[in-house]
Amino acid sequence: MNAISPGFACAAGGMPFEAAQARVLALVPQPLAVETVSLEECVGRATAAPVAARLCLPGFDQSAMDGYAVASAGLTPGAWLPVTGRTAAGEAPGRLVPGGAHRILTGAPVPEGADVVIAQEGVVRHGDLLQIGAVPPRGTNLRRRGEDVRSGDVLIHAGTLLDWRHVTVLASQAIEAVAVRRRPRVVLLSSGRELWAPGQSLAPGQIHDSNLPMLRALLGAWGAEVRPRPVVADEPAAMRAALRAAAEQADLVLTTAGISVGDEDHVRDAIGALGGDLAVLKVAMKPGKPLAAGRIGEAAFVGLPGNPQAALAGALAFVRPLLARMTGTAAPAPLGARAGFSLRRKAGRAEFLPVRLHAEGACLRAERTGPDGSGRLSPLLAADGLAYVPAGQQDVQPGDLVEVLPFHGAGVAHA
């Protein structure tokens, strides 16, 4: 990638969205390094290698309920049997006396010679004798060794983002540490003299910075180690200093705004002065036309537009897949839904629309949550994701199939 290549020598409508996505992904040719972390620290991390079972689950034949272990061969309804032993969970297995019944509690090892457990509700006991009712089939109320997990089975595949489910299974296998990919370190930078942090008093013409908090929350949910920085002044030296410091401690430097050719846009020149490579791409997408992609030293660089919906579209379409590549995971697949809206447009660029998903039987319906406008925030409050309309598609009619890029942890309403 050539330093400061404008990227405007594309088709009249701009670089195709898919080509821009491939270019961003090419910034990270291979996943990050592997490290080993404890079970307590592994949630939200991506496995670097498959994890196989060390132990069978259950580890022995055990009772599935409180009752009496017996040998079913030759047993008839109404028979009386002596109770000849007792085993509780955590005790060593006993041995069934031929012709007898063995008192057993849930989770206890089945005594040798028994092939069925009769629930305690199915017998009548008088002292050390019990009378059975119906004789259940062989294997009833038994959990067989290895019926859940067998030693050697692959439990977790490489590239799995670990959560509480995986911790549960790993703990059952006495696995105390897991090989995972290092978390991507992302430094977030915002620039603009009009931007102030939440809580600061605004002067006329100023606004609170919503992009940095939004991206910080998204990136953290996607498994990144996020390192936000204060808003950078619209001044070349300040931008150079901020980018230099960011690149020294990041796998990815992510900025919003400041990547076009305005008088106050200093990102391109600052990266060039630092010896970095950068292409400013005119992507055929709405919102989010300007996109910067490149490197500063060892760090990848992505510059997103400044309007909130445009920054969000860029984060979902470019940054989330890039982080997935860093961790060796797969970015969430788009959801298929039926359009609950109509859209008349001119083909030629991909479009992203905030939508809410409703379940209608076995299908999903996507409804728009607000009018057009990349600076609007209110449509995001009710949205579950962004509907993606490909560049070659002209109109969308109700009932048409659309793809939706889901937000992290988005719920689905029921009609």
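This passage describes the fold, the two open sheets and the salt bridges of a predicted protein model.

Local features were considered only at pLDDT of at least 70, and side-chain atom pairs only at pLDDT 80 or more, while totals for chains, interfaces and linings use all residues. Residues are numbered from 1 along each chain as its sequence is written, and side-chain values use heavy atoms, with hydrogens and water left out.

The overall picture comes first. The protein has 7 helices and 29 strands, where helices (H or I, at least four residues) and strands (E, at least two) are DSSP runs numbered from the N terminus. Of the 415 residues, 45% are buried; here buried means under 20% relative accessible area, exposed means over 50%, and partly exposed lies in between (1.4 Å probe, protein chains only). The accessible surface comes to about 19,400 Å², and carbon and sulfur atoms hold 54% of that area, as computed by the Shrake-Rupley method with a 1.4 Å probe, with only the protein chains shown counting as cover for residues. Contacts (heavy atoms within 4.5 Å) were also sorted by sequence separation: among those between residues at least 6 apart, 73% join residues at least 24 apart.

One open sheet contains 6 strands in the order β7-β4-β6-β5-β9-β8, with mixed pairing. Two strands are taken to pair if DSSP finds at least two bridges between them. The edges are formed by β7 (116-119) and β8 (123-126), each of which pairs on one side only. From one strand to the next, the twist averages 40°; such angles run from 0 to 180 degrees between N-to-C directions, with axes as lines fitted to C-alpha atoms, for helices over the stretch in contact.

Strand β9 (residues 129-132) is a handy place to look at this sheet in detail. It pairs with β8 in the antiparallel sense over 4 bridges. Valine 124 has glutamine 131 of β9 as its bridge partner, and valine 123 has isoleucine 132. The β8 and β9 hairpin has 2 residues between its strands, and glycine 127 in this hairpin takes a positive phi near 60°. Strand β5 (residues 80-87) also pairs with β9 in the antiparallel sense, over 3 bridges, and leucine 81 stands opposite leucine 130 in β9. In a regular strand, side chains alternate between the two faces of the sheet. Along β9, Leu130 and Ile132 point to one face and are buried, whereas Leu129 and Gln131 point to the other and are not.

The loop between β4 (67-70) and β5 holds serine 72, which is buried at 17% relative accessibility. Beyond its neighbours within four places in sequence, serine 72 is in contact with Asp115, Val116 and Arg138.

Another open sheet of 6 strands follows the order β16-β13-β17-β21-β20-β18, again with mixed pairing. Its edge strands are β16 (225-228) and β18 (277-282), each pairing on one side only. Neighbouring strands are turned against each other by 20° on average, direction ignored. Within this sheet, β13 (residues 185-190) and β17 (residues 252-256) pair in the parallel sense over 5 bridges, and valine 187 stands opposite valine 253 in β17. Helix α1 (residues 17-25) lies across β18, β20 (290-296) and β21 (299-304), and runs at about 165° to β18. Helix α3 (residues 211-221) lies across β13, β16, β17 and β21, at about 170° to β13.

Turning to charged side chains, the model contains 16 salt bridges, each defined as a side-chain nitrogen of Lys or Arg within 4 Å of a carboxyl oxygen of Asp or Glu. Aspartate 384 and arginine 356 form one of them, at 3.6 Å from N to O. This pair links distant parts of the chain, 28 residues apart: aspartate 384 is in the loop between α7 (378-381) and β26 (385-389), and arginine 356 is in strand β24 (residues 350-360). Aspartate 384 is buried at 5% relative accessibility, whereas arginine 356 is partly exposed at 30%.

Glutamate 225 and arginine 227 form a salt bridge whose closest N and O atoms are 2.5 Å apart. Glutamate 225 is partly exposed, with a relative accessible area of 31%, and arginine 227 is partly exposed at 22%. Arginine 365 and glutamate 360 also meet in a salt bridge, at 1.9 Å from N to O. Here arginine 365 is buried, with a relative accessible area of 18%, while glutamate 360 is partly exposed at 38%. Elsewhere, Arg182, Arg185 and Asp251 are joined into one network by salt bridges that share partners.
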